[in-house]
Every structure is written in C-alpha cells, then in structure tokens.
Number of protein chains: 4
Amino acid sequence: MDHVPDHTTATPGYADTKGAQLKRLRRIEGQVRGLQRMVEEDTYCIDVLTQVSAVTRALQAVSMSLLEEHLRHCVVDAARESDEAGQAKIDEATAAIARLVRS
Amino acid sequence: MDHVPDHTTATPGYADTKGAQLKRLRRIEGQVRGLQRMVEEDTYCIDVLTQVSAVTRALQAVSMSLLEEHLRHCVVDAARESDEAGQAKIDEATAAIARLVRS
Amino acid sequence: MDHVPDHTTATPGYADTKGAQLKRLRRIEGQVRGLQRMVEEDTYCIDVLTQVSAVTRALQAVSMSLLEEHLRHCVVDAARESDEAGQAKIDEATAAIARLVRS
Amino acid sequence: MDHVPDHTTATPGYADTKGAQLKRLRRIEGQVRGLQRMVEEDTYCIDVLTQVSAVTRALQAVSMSLLEEHLRHCVVDAARESDEAGQAKIDEATAAIARLVRS
C-alpha cells in the first residue's frame, strides 16, 4: 500500500477557504484587465509598473494563503500518517517554497 | 518653465512594443482564469502554487520589459534635456525598481 | 502544561546539518569581504552588483536549507504532539516564509 | 574608436558614496558573523531565519544604492555621449536589474 495519498482525488488543503481564494483570483483578473486598459490608453510607464507590482503582490498573497493551508492540512496529515508520507510532503513543499522565493 | 515633461500626455516609453505588451497581458489574463478553474476543480495545492509562480514570473517579464523601454526612451531623453530632468527621472525609476525587487 | 515546546533550550531543527550551515555562512562572510575589496578597488558598478546578487542567492540557499530542516523536524514533531502545537508552529513558519518571499 | 568607455579604469558610479557603501558592507560582514554565532549556539531555527532575512534586505539596500549611482552617473554619461553608448549601458543595467529581481 502506498503511503502517499493519491492527491488527484483528495480534498485540497484550501477546501475551507476555496471561496476566498476564488474571490481573490477574480479580483486579480480584473486588475490584469485594468493593466491592459492602462497600456491601451498609453499610461505613463511608471504608473503601469506600479500597478504591475500591486498585481504581483496580490498573487503572492494567494500563494502564501494556499501554502499556509497546504502546510496546515496536507503536510500535517501526512506527518501523522507516517515518516515516509511526511518527508515526501515536506520535500514537495520545500520545492514549492523555493519557486515562490525565486519568482 | 518646467524641466520635467508632462508625462500624462507624452508618448509612453513602450509605444514601439505596445502590441507585444498587450498580447502578454491578455495571455496573463487567460492564465489567471486558468487558476480560477484549477481552484474550482479542487486541484492539488502544490499544482496550483506552481501555476501561480508561473503567472508571477510572466508579470515580472512584463515589468522588466516596461522598465527597459522606460530607461531606453524616457530616462535617456530626460538625461539629454537637462540635469534636473535626468535626475528626476532616475529618482522615479529607482523607486519603481525598488518596488519590483520587493514584490 | 504548555503544548508549545520551550524552543530556547531545544535542539534546533538544523542540528544534523549544523556543520554544513556554518561552512556556508563562513563562505558568505568571505564573499562579503570580497565585496568590500571590490568597492575599495573601484570595481565597475555592474560587476559589484553581479557579486552582490551572488551573495544574496547564497544567503537564500541558507534560508531554504534552515527552513527545510525546521519543517522536517520542529513542525513535524509539533504536529504529532498536538493540534495546538502543530498549528502554532505552522503559523510561525508561514510568517517566516512570508519574510523570505518579500526579502 | 570605441563608444563604450573602458570601465575597468574609469571612476565607478559610486565614487561619491564609496565610504557609505564600505560602511554598509562592514556592518553586513558583522551580521554574517552574528549568524555564525547564532548557529554555533543552537539558536532556534525561526530566529536564525529572521536574521538571515534582515541580512538579505541589507544586501538589497546596497544593490539599490549601487544601481541608483550607476544610473545617475554611468548611464546618464553614456546617454549623453552617443546613442550606441547609451543603449549598451541600458542593456547592461537591465540585465543587472533582472538579476536583482530574481535574487
């Protein structure tokens, strides 16, 4: 039997905050459309850049929230299941954090 | 007379690459909608996080491209106009770069 | 009784890799002294900047390594001890990751 | 004749702030030695991580200061010398900014 749960069908760690995550992503979609309008209207470069930084920070807030829920649920559950499952989840989470730090 | 050009009506630094910037921003809008679908379909946390990092990097590529065009056109033009205009543009660009580095 | 272990006297998560962490930090100290020499010798700005970026990446590698050991030991142990201890460690780790992402 | 000045012998952009840059780098060297002591004394992981983030931010402040001086002097001078020299300096500065943003 496999110690790592099949994550393709499992409840995701963000199940309890799914509505809030979707709301944030819809607001980010609106901000990206706002950026398109700014460029179409020849808005001054620095003003566009300021707004791109705001959208980047909003995306990072989504990342941090998803990561927190993942640690809180998926990693904790795996750590309680077995050493192997826990270590596998922590390797995976560490790789995701490294991508966040570099992006 | 004012040494800093009125940037609200001036041609932006990205005028020559406006089409490419819009194309990138439309692709990013599609990626953000893709993120919403992933969350709606309860995609595994780490797979959502990987995709959020990809969108963040795509936004940073837009920032770097806008910044390069801004330095290449607006800052160079201001530097040739006068010391005051050049320094004002460099103060402004440095603040924008600091926001990029921290976001 | 307190569910959160007294972390001031506990073995740190990086106990097994302490020698490697110290070796990295000594190499980073040498790199920072190298930066001082570059500035003293009036090295070209861009070459100094390239080397500052290298030192920043080396520090981030230390962070990622410490964080991985912390998740692997301290967080896993707390999660197995109790819900409260686990959640407290995850709140704390999430705040540290947020500082890493923004720094 | 070459339009790009020979940057190996030229005065660096940070010439006027050389003392301040060195002072910052010496303080950073002290902070890195402080990190070594923290690890030697088995300081709690999260407290070490917080201090690593502080050193990373101090290095980024050096980067931003060097970059500002580089734009203010080297890039402006090159932009006034010729189109070719200006564009070459901006290509180089943009690449350095991209390394900063990703590090």
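The side chains of C:Asp83 and A:Arg80 meet in a salt bridge, at 2.8 Å from N to O. A salt bridge here is a side-chain nitrogen of Lys or Arg within 4 Å of a carboxyl oxygen of Asp or Glu. Between chain A and chain C the count is four salt bridges.

Before going on, a word about the model: it is predicted, so local features need pLDDT of at least 70 and side-chain atom pairs count only at pLDDT 80 or more, while totals for chains, interfaces and linings use all residues. Residues are numbered from 1 along each chain as its sequence is written, chains are lettered from A and ligands numbered from 1 in the order in which they are written, and side-chain values use heavy atoms, with hydrogens and water left out.

**Two interfaces of chain A**

Chain A meets both chain C and chain B, and the table sets the two interfaces side by side. Contact means heavy atoms within 4.5 Å. Buried area is the accessible area (1.4 Å probe) that two parts lose on being put together, summed over both.

| Pair | Residues in contact | Buried area | Share from carbon and sulfur | Salt bridges |
|---|---|---|---|---|
| Chain A and chain C | 21 residues of A, 21 residues of C | about 2,100 Å² | 62% | four salt bridges |
| Chain B and chain A | 48 residues of B, 48 residues of A | about 4,400 Å² | 69% | six salt bridges |

On the side of chain A that faces chain C, three residues stand out: A:Arg72, A:Arg80 and A:Val101 supply 25% of the area that chain A buries there, more than any other three residues. Between chain B and chain A, the side chains of B:Glu29 and A:Arg33 form a salt bridge at 3.1 Å, N to O.

**How the copies are related**

Copies are superposed by least squares on the C-alpha atoms of residues with pLDDT of at least 70 in both. A turn of 180° and a shift of 0.0 Å along the axis lay chain A on chain C with an RMSD of 0.0 Å. The two copies are thus related as by a two-fold rotation axis. Which residue of chain A comes closest to the rotation axis? That is A:Val101, whose C-alpha is at 2.3 Å. The same surface serves both copies, since 100% of the contact residues of chain A recur in chain C.

Chain B can likewise be laid on chain A by a turn of 180° and a shift of 0.0 Å along the axis, with an RMSD of 0.0 Å. Here 100% of the interface residues of chain B are also interface residues in chain A, so these copies meet through the same surface.

**Helix 3, seen in three chains**

Helices (H or I, at least four residues) and strands (E, at least two) are DSSP runs, numbered from the N terminus. In chain D, helix 3 (residues 83-102) has 20 residues and reaches 29 Å from its first C-alpha to its last, close to the 28 Å expected at 1.5 Å a residue. That expected span is 1.5 Å times one less than the number of residues.

Buried means under 20% relative accessible area, exposed over 50%, and partly exposed in between (1.4 Å probe, protein chains only). The buried residues of helix 3 of chain D include D:Ala85, D:Ile90, D:Ile97 and D:Val101. Among the elements that cover the buried residues are helix 2 (45-81) and helix 3 (83-102) of chain B, as well as helix 2 (45-81) of chain C.

In chain C, helix 3 holds C:Ile90, which counts as buried at 0% relative accessibility. Not counting residues up to four places away in sequence, C:Ile90 touches A:Glu68, A:Leu71, A:Arg72, A:Val76 and C:Val75.

In chain B, helix 3 holds B:Arg102. Is B:Arg102 buried or partly exposed? At 32% relative accessibility, B:Arg102 counts as partly exposed. With residues up to four places away in sequence not counted, B:Arg102 touches C:Arg102, C:Ser103, D:Arg57 and D:Gln60.

**Two more buried residues**

A:Gln21 lies in helix 1 (residues 18-40) of chain A and is buried, with a relative accessible area of 2%. Leaving aside neighbours within four places in sequence, A:Gln21 is in contact with A:Tyr14, A:Val62, A:Ser65, A:Leu66 and B:Val39.

B:Glu69, in helix 2 of chain B, is buried yet has no salt bridge; the nearest side chain of opposite charge, B:Arg72, is 4.8 Å away. For charge, Lys and Arg count as positive and Asp and Glu as negative, while His and the chain ends are not counted. Apart from neighbours within four places in sequence, B:Glu69 is in contact with B:Gly13, B:Tyr14, B:Thr17 and B:Cys74.
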